[in-house]
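Q: Can you walk me through this one? I'd like to start with the core, then cysteines.

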Amino acid sequence: MKRGTKIGWFLIALSVILSVWVIVSQSSDASQATESGLVLSDDGTVLEDYTGNGGAVTIPDGVTTINAGVFASKDITSVVMPSSVTSMGTGVFSGCTSLTSVSLSSSLNGIPEETFRECLSLGSVTIPDSATSIGSNAFYGCASLSSVSIPASVSSISTDAFSGCGNLSNISVASGNGAYASSDGCLYNASKTRLLLVPEGKTSLAIAAGTTTIGTGALQDCTGISTVSLPNSVTTIEANAFTDSGVETITIPASVTSIGHHLLFMVFPVPQQKSMLRITILSLLSWEIIRMMITTMAIMTIIITIITVVTPTAVIMATTMVPIMETTAAIMVLPTAML
């Protein structure tokens, strides 16, 4: 066979191989994108992207993983997730302002950070019994979310998971949860000794009996609550417990021995509790409290002024001037007739 003929046959064979490869490749690419705009991996187990026009979305069975941000800022209104899905990346539904309902997989291992961030129309979500964690800002800015049920499987909830949920008024935890509990719609540790989170949409608060600690940021941004009465079991109020809240009046029992900085409060005692009032003053102005304030807030000056008004009421005001921290703490208590 001549050399030119061999080259000719080689070129023909090569062109056939390339043609077959192109056809197979195109066929493979076509199978990755569904008619609804869902872009899947070759084996159909990973949802990689979404190019659809929005509206209702049903994820096909067999998908086990949803990549980060797949639906972010898309105009979807509802999502149905099959039980085959076990994990999601961060921000999967972030910015989906038209999303009103989501049916999560019964096998999902957790709600990653920023999953539903600023899903303004989302009114409710059922967290599956398989989930073990709720990440940072998972529900941030979900303005329509009114209640959340935490299953017994969840063992980790970020402190800012529900930040910006101004309409959220109830968090309930299923019995049998080893890490968390709920009372009056608020989130506690399992033994209910530490108040962790008061939903921003609550307008009143009944702290569980036996609570010993009001945690950092527990009532942060709770603008609808103006009055708080602490039970006699409380010993510690941590820093920033009432940051940016609407709280104006806090009744503090004699049991309190530690108060964090950035706290502005007023205490109006019950007239019948004369002995408790005296203990409260000693507690609030004890050396332990003063020593704590000095070490944590670098106190420069403490001014205590006693003012007597027309009614038999005295006001004790302690102003902590901290140039660096720019923090002011005020304690206001007591009818003079009871001293």
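A: Sure. This is a predicted model, where local features need pLDDT of at least 70, side-chain atom pairs count only at pLDDT 80 or more, and totals for chains, interfaces and linings use all residues. Residues are numbered from 1 along each chain as its sequence is written, and side-chain values use heavy atoms, with hydrogens and water left out.

Q: Which residues touch the most other members of the largest nonpolar core?
A: Phe71, Phe93, Phe116, Ile134, Phe139 and Phe162, out of 47 residues in that core. A nonpolar core is a set of buried Ala, Val, Leu, Ile, Met, Phe, Trp, Tyr and Cys residues joined through side-chain atoms within 4.5 Å. Buried means under 20% relative accessible area, with a 1.4 Å probe and protein chains only.

Q: What does Ile134 touch?
A: Not counting residues up to four places away in sequence, its contacts (heavy atoms within 4.5 Å) include Ile111, Phe139, Ile150 and Phe162.

Q: And what lies apart from that core?
A: Another core, of 23 residues, among them Leu195, Phe242, Val247 and Ile259.

Q: On to cysteines. How many disulfides are there in the whole structure?
A: The search finds zero. A disulfide here is a pair of cysteine sulfur atoms within 2.5 Å.

Q: Where is the nearest cysteine sulfur to Cys119?
A: In Cys142, 5.2 Å away. Cys119 counts as buried because its relative accessibility is 0%.

Q: Why is there no bond from Cys186 to the closest cysteine sulfur?
A: Because that sulfur, in Cys222, is 7.7 Å away, too far for a bond. Cys186 also has 0% relative accessibility, so it counts as buried.

Conventions: Buried < 20%, exposed > 50% of the residue type's maximum accessible area, 1.4 Å probe, protein only.
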